Protein chains: 2
Amino acid sequence: MRKFDWQDLQHFLALAHGGSLSGAARALGVDHATVSRRIAALEAALDVKLVHRLPRSVRLTREGEALLDRAALAERGMVQLGHYLDARAGAATTEVRVSASPAVATRLVAPSLPAFHRDHPEITLTLAVTPEIAQLDRGEAELAIRLVEPTEGELLARRAGSMAFGLYGPPGYAARPGAEWSFIGYDDTYEHVTQQQWLRSVVGNRPVVFRSSDLLAQQEAAAAGLGAVSLPRFIGDADDRLVRLPQQQPHPSAPIWLVTYPDLFRAPPVAAVMAFLAGIVAEHCPRED
Amino acid sequence: MRKFDWQDLQHFLALAHGGSLSGAARALGVDHATVSRRIAALEAALDVKLVHRLPRSVRLTREGEALLDRAALAERGMVQLGHYLDARAGAATTEVRVSASPAVATRLVAPSLPAFHRDHPEITLTLAVTPEIAQLDRGEAELAIRLVEPTEGELLARRAGSMAFGLYGPPGYAARPGAEWSFIGYDDTYEHVTQQQWLRSVVGNRPVVFRSSDLLAQQEAAAAGLGAVSLPRFIGDADDRLVRLPQQQPHPSAPIWLVTYPDLFRAPPVAAVMAFLAGIVAEHCPRED
DNA sequence: TCGAATTTGCGCATATCTGCACAATAATAT
DNA sequence: ATATTATTGTGCAGATATGCGCAAATTCGA
């Protein structure tokens, strides 16, 4: 089997992840020149250009992307090992990163952050707002709030509650006949989401006047009078500018999962944050089944 | 996440696998002193004794074993990456290692090795005879012949044939009533194997006069007149000293799988060896289903 | 019982790598 | 436009790691 320097690969992954030599250098705690030299060494050893060196940034070549894909398993293993070492050393983890969608992060978690800080002033909680699900196996976060059941076997997943949805619209909508309603929905890239499929079946032939990938933007548009929108109950019910509209078809709810790694969970701060999140979810989004 | 030097881990894994500083040093292509120092560095960074330094050998501590377990995924990833790099570079792989059980290796594969060498003189084929299934993910072999379906998802597995079994005994056995037969079987550690379970149901109350973990030893014992034994057809039929005995219960057969990694298979020599093995199996152990 | 072959441990000269400082370039904000 | 900030590239001195040689210890075989 071909041998290569694992340290070079570590630098390459940091670069691919950080996006710049400087960023990778900061993450690794070394000088940017060192990262540059190790990447050059890896390229020489493999006889491939891995990155395009640009004046102000670097971009992975095709081969670089391919290498990144192939190294995914190794990186997962290294992150897992890092978690184990953390747990074994009883590392004083004081910073816990939570990954969540924008809507969940800002409307569900953020309002309770003061209470959490009061109870756990020693823990710095970071909300990593990510459009797509965070890559726990890349070490981007310690905890994640997901709306789909995690499939990765090594993960510790806890079913925390159910996110109920409702159809909301401007106050006048309740009195108007449903045939005159306009609608607001996700854009095309979210066609696969259950909620979006439900909305499409409800809309029928009526117009969809605004689309956005950002749920909060949809909310604002609805509050401005643009049309009806499907929102989580914990968001729609709290907005005085919107009223809940009657629905013919039952609105499917989404399970809420809290996921982390077993080794991470052994760290008390991570467990504390997980308990905190479970409490929030249980309060605002209790399980329905 | 805790950061650590991946190169140190590489040295540690080589040491754990090689069993000695010198062996690891040879495998890594460095001096033994370097391995020693890197292990010391890793121990210092982790603040744990990983190996007992003995005058003539090293032995992993409990923590070392634990670390080895936790690093398994990372090692798998690195091996996989190495395979990819081999395939990408079109590495001139001329040595292909095949892992197989002793019986399969010596009686099924070995007799055809001259023919293979005639057709592919450029390929050095190594038969790694391993009692248990070889650890492909540790890079111990490029190909493996297994009698159970591989569960690892990343593997490329090919169903090559079926190993049919038969009950064999010394020539005189055919004329003697079955109630007087004695039997030969695996020892206790193989109780879970399908063949052994079948044998036990056939034996009933009749005596088992010899047990061995080595199938070939069982064969020799049977040929010496000791009793009846369950053997693969390709072994039993080829032995003039044994006759096939009538069986009441149908003898279950075992599927024969050829497994490797996709990236390895892209190397022509590996593909050639796999085709060679598939041909042997198809000839001597055709599929039954 | 004795000798040969491995293996680990240690010190030293050398080779390699790293960090730092500075220059150049491009994106961004004022 | 202009200043500011952040990034990459390069040369150099110091720090670090590596390989080599030798000694000590132990196992294996004769």
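Helices here are DSSP runs of H or I with at least four residues, and strands are runs of E with at least two. With that in mind, welcome to the tour of this predicted model.

**Stop 1: chain A as a whole**

Select chain A and show it as a cartoon. You should find twelve helices and twelve strands. Its C-alpha trace spans about 70 × 40 × 35 Å along the principal axes. Colour by burial next: of the 289 residues in chain A, 48% are buried. If you like contact maps, take contacts between residues at least 6 apart in sequence; in chain A, 74% of these join residues at least 24 apart.

**Stop 2: helix H5 of chain A**

Now select residues 72-89 of chain A, which form helix H5. From the first C-alpha to the last, this helix of 18 residues reaches 26 Å, close to the 26 Å expected at 1.5 Å a residue. Is H5(A) mostly covered or mostly open? Switch on the surface and look: 14 of its 18 residues are buried, so the helix is mostly covered.

**Stop 3: where the two chains meet**

Bring chain B into view. Here 35 residues of chain B are in contact with 35 residues of chain A. Together the chains bury about 3,600 Å², with carbon and sulfur atoms giving 67% of that area. On the chain B side, pick B:Met1, B:Trp6 and B:Arg70; these lose the most area to chain A, together 21% of what that side buries.

For the polar side of the story, the rule finds six residue pairs in polar contact across the interface, both residues at pLDDT 80 or more. Which parts of chain B should you highlight on the side that touches chain A? Helices H1 (6-18), H2 (21-28), H4 (62-70) and H5 (72-88) of chain B each supply at least two residues. The largest share, 14 residues, comes from H5(B). Coloured by type, the touching side of chain B divides into 20 nonpolar, six polar and nine charged residues.

The interface also holds two salt bridges by the rule. To see a salt bridge up close, select B:Asp263 and A:Arg70, whose closest N and O atoms are 2.7 Å apart.

**Stop 4: a positive phi in each chain**

Most residues other than glycine have a negative phi. Select A:Asp47, where phi is near 60°, a positive value. You will find A:Asp47 in the loop between helix H3 (32-46) and strand E1 (51-53) of chain A. Its relative accessibility is 69%, so A:Asp47 counts as exposed.

Finish with B:Asp47, whose phi is also near 60°. This residue lies in the loop between helix H3 (32-46) and strand E1 (51-53) of chain B, and B:Asp47 is exposed because its relative accessible area is 69%.

Methods: Residues numbered from 1 in each chain as written. Chains lettered and ligands numbered in written order. Predicted model: local features only at pLDDT ≥ 70, side-chain atom pairs only at ≥ 80, totals over all residues. Heavy atoms only, no water. Expected span 1.5 Å × (residues − 1). Buried < 20%, exposed > 50% of the residue type's maximum accessible area, 1.4 Å probe, protein only. Contact = heavy atoms within 4.5 Å. Buried area = accessible area lost by both parts, 1.4 Å probe. Salt bridge = Lys/Arg side-chain N within 4 Å of Asp/Glu carboxyl O. Polar contact = N/O pair within 3.5 Å; in protein donor to acceptor, adjacent residues only side chain to side chain. Nonpolar A, V, L, I, M, F, W, Y, C, P; charged D, E, K, R; others polar.
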